[in-house]
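Please examine the arrangement of strands and helices in the predicted model shown here. The paragraphs that follow lead through one sheet and its connections.

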Amino acid sequence: MRRLGIAPASAREQAQHLQSGGEGFQALPPRPAGALRRTSAELEIPASERMGRTFHVLADTGGVKEPAPQLAVSKAMAADLSARPDVAFAWHVGDIDYFTGEPPEYGPQFYEAYAGYNRHILGIPGNHDGEGGDQLAAFMTNLCASTPQLLPQFAEYNRDTITQPYCYWTLLDPAVTIIGLYSNVPSGGEIQADQAEWLAGELKAAPAGKPLIVSLHHPPYSIDAHHGGSQRMGELLDKAFEAAGRCPNIVLSGHVHDYQRFTRKFWEREITYLVVGNGGYHNLHELAPGATPGEEVTKDVVYEYGDASSWGFLRLTVESQDGVDNVIQGEYVQVAKDGTVTPGADKFTLNGPF
């Protein structure tokens, strides 16, 4: 079996060198009073006409050095709205603003880049969003505003600020519950006790019989040749699952700049772990040599699919019928730098009941 995240010596040495300059744990913004939740209605996401929900997922998007890949992906996502008008929003798994979460960079890297994408973009911060040492000020201004508003400096892009309750929070949708964590800045991520306790409580409180998704920036599993997976995050999630007596159907992550899918057996169930970190940042991360779909990479974890050759995004569709006939369908859409789109590069189906 393969040890997850262990790259060949030269790649490992490179990764250690690249990560050695990373910052330590960054203080979080003041936590507001009240529940850290928002419903779809509160975020002005239109109700679905069916018992279901479709949304896009992406991460690591900032086009700070070379915007072409990010713009190709955003254009493909906008085109997907024409083919799939049921797409309700996009869920971002962190690293919106390279390199240090600077406020002016939200202009080119967020508002301008998604000017043609007329859906809400929700989500969580990544390590680059928090590296500025300013308590995620730009992320909080643009995605956690007290009221939606069109900021004057970005008014030409016609995108209001989002009213998420905090940098970690839960989206309550009639068809799916999405819990978003903030794994902070340090290499491998760091989540402190208060957020870990909150996670266990949210897992326990999540509506029964409804699909459940957990997202965090640093991936518990990855067989890339750069960052690798985070054992620390994997153990933290498992402790929360045990404390809550409930585990999610899907774990979403980014940080590694490629696409990967794993299946893990847990409590006689299966959890799908996804890395969706090829949303537009120019530098892709290679998979470890010899990575083979179908390989059991560690106990009860099977590597199903990976792509480090292109950028792209994920489309998730949840069909929810009274907690019985639940189905989650995932489709990974490949996007080349020149804009060539390859739908269905990876597809998977998860069957309920959940």
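Strand E3, helix H3 (residues 106-111) and strand E4 form a β-α-β unit that is right-handed. Within this unit of the predicted model, E3 and E4 are parallel and are paired over four bridges. Trp91 has Leu122 in E4 as its bridge partner.

On the side of E2, E3 again has a parallel partner, and four bridges join the two strands. Here Thr54 lies opposite Val87 in E3. The connection from E2 to E3 passes through H2, and this β-α-β crossover is also right-handed. Six of the six residues of E3 are buried, so the rest of the structure largely encloses this strand.

Strand E2 (residues 52-58) also pairs with strand E13 (residues 311-319), but these two run antiparallel and are joined by six bridges. Val57 faces Leu314 in E13 across this pairing. Helix H2 (residues 68-83) packs on the sheet, where it touches E2, strand E3 (87-92), E13, strand E14 (327-335) and E15. The direction of H2 makes about 30° with that of E13.

These pairings belong to an open sheet of six strands in the order E4-E3-E2-E13-E14-E15, and the pairing is mixed. Strand E4 (120-123) and strand E15 (341-351) stand at its edges; each has a single partner strand, so one side of each lacks a neighbour in the sheet. From one strand to the next, the twist averages 25°.

Key: Residues numbered from 1 in each chain as written. Predicted model: local features only at pLDDT ≥ 70, side-chain atom pairs only at ≥ 80, totals over all residues. Heavy atoms only, no water. Pairing = 2+ DSSP bridges. Axes fitted to C-alpha atoms, helices over the stretch in contact; angles between N-to-C directions. Contact = heavy atoms within 4.5 Å. Buried < 20%, exposed > 50% of the residue type's maximum accessible area, 1.4 Å probe, protein only. Right-handed = clockwise from strand over helix to strand, strands pointing away.
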